[in-house]
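Reader: I have a structure to study and should like to go through it step by step. May I put some questions to you about it?

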Amino acid sequence: MAFFPNLPVMYVASEDGYAGSKDAFGAVEKHMLHKLKGRKFYGVYQPATNEYRACVSRISTDDPTWFGLKTWVIPAGRYFREKIKVMPEGISDRKKLIEGLINDYGDKIDKKKPLIEYFNSAGRLTIYLPK
């Protein structure tokens, strides 16, 4: 169990739900140009609606309009945390992993809140499932 704080981010929403997550992250990188170093990247997925947002952490000097990105706050709350040591090969494998976790946790998770993926620099993935 972990507490995830409110986290201000800039994002691009996928036009094709989870399947479009790679394109959404590509768009974030394109908009951010050379301002990626030291940033944290999050995928926020709402399984009920298949909405996916590719997010990058904000810093105090960011001007989201200059980057051409939307702003949002990833909601705080209690989450089950699953650390994935080996990144799944592709998007479909990542989605299968998430669907498996959703099934494993069943009614313990709050399906009204989004799932959070955190991609760290070592190529590891942490998945936060809302409690």
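Author: We may begin with the residue that follows α3, bearing in mind that this is a predicted model. After α3 comes Gly 106. The phi angle of Gly 106 is positive, near 55 degrees.

Reader: How far apart are the end C-alpha atoms of α3?

Author: The helix α3 has 15 residues, counted at 1.5 Å a residue. The expected span is therefore 21 Å, and the distance in the model agrees with it. The end C-alpha atoms are 21 Å apart.

Reader: Which residues of α3 are buried, and how wide is the arc within which they fall?

Author: Arg 94, Ile 98, Leu 101, Ile 102 and Tyr 105 are the buried residues of α3. Seen down the helix axis, these buried residues line one face of α3, because they fall within an arc of 100 degrees.

Reader: Which exposed residues does α3 carry on the face turned away from its buried side, and which elements do its buried residues pack against?

Author: On the face turned away from the buried side, the exposed residues are Lys 96, Asn 103 and Asp 104. The buried residues have other elements of the chain as partners in packing. Those partners are α1, β3, β4, β6, β7 and β8.

Reader: How many residues form the largest nonpolar core, and which have the most contacts inside it?

Author: In soluble globular proteins, nonpolar side chains tend to be buried together. Here the largest nonpolar core has 26 residues. Those with the most contacts inside this core are Val 28, Met 32, Tyr 52, Ile 98, Leu 115, Ile 127 and Leu 129.

Reader: Which elements give two or more residues to this core?

Author: Both helices and strands contribute. The helices that give two or more residues are α1 (21–32) and α3 (91–105). The strands that do so are β2 (7–13), β3 (41–46), β4 (51–57), β6 (77–84), β7 (115–119) and β8 (125–130).

Reader: How many residues are in the other core, which lies apart from the largest one?

Author: Among the residues of this other core are Phe 4, Leu 7, Val 9 and Ile 74. The core that lies apart has 13 residues.

Reader: Which residues does Met 32 touch, leaving out those up to four places away in sequence?

Author: Met 32 has already been named among the residues with the most contacts inside the largest core. With residues up to four places away in sequence not counted, Met 32 touches Met 10, Arg 39, Val 56, Phe 67 and Leu 69.

Reader: How many salt bridges are there?

Author: Side chains of opposite charge can pair when their charged atoms come close. In this model, the count of salt bridges comes to three.

Reader: Where do Asp 62 and Arg 39 lie in the chain, and how far apart are their closest N and O atoms?

Author: Asp 62 is in the loop between β4 and α2 (64–67), whereas Arg 39 is in the loop between α1 and β3, 23 residues apart. Both residues are buried. The closest N and O atoms of this salt bridge are 2.8 Å apart.

Reader: Which salt bridge links strand β7 with helix α3, and what is its N to O distance?

Author: Glu 117 lies in strand β7 and Arg 94 in helix α3, 23 residues apart, so the pair links distant parts of the chain. Both Glu 117 and Arg 94 are buried. The N to O distance between their side chains is 2.9 Å.

Reader: Is Ser 14 buried or exposed?

Author: Ser 14 is placed in the loop between β2 and α1. Its relative accessible area is 13%, and buried means under 20%. Ser 14 is therefore buried.

Technical notes
Residues are numbered from 1 along each chain as its sequence is written. This is a predicted model: local features need pLDDT of at least 70, side-chain atom pairs count only at pLDDT 80 or more; totals for chains, interfaces and linings use all residues. Side-chain values use heavy atoms; hydrogens and water are left out. A nonpolar core is a set of buried Ala, Val, Leu, Ile, Met, Phe, Trp, Tyr and Cys residues joined through side-chain atoms within 4.5 Å. Buried means under 20% relative accessible area, exposed over 50%, partly exposed in between (1.4 Å probe, protein chains only). Helices (H or I, at least four residues) and strands (E, at least two) are DSSP runs, numbered from the N terminus. Contact means heavy atoms within 4.5 Å. A salt bridge is a side-chain nitrogen of Lys or Arg within 4 Å of a carboxyl oxygen of Asp or Glu. The expected span of a helix is 1.5 Å times one less than its number of residues. The arc is that of the directions from the helix axis to the C-beta atoms.
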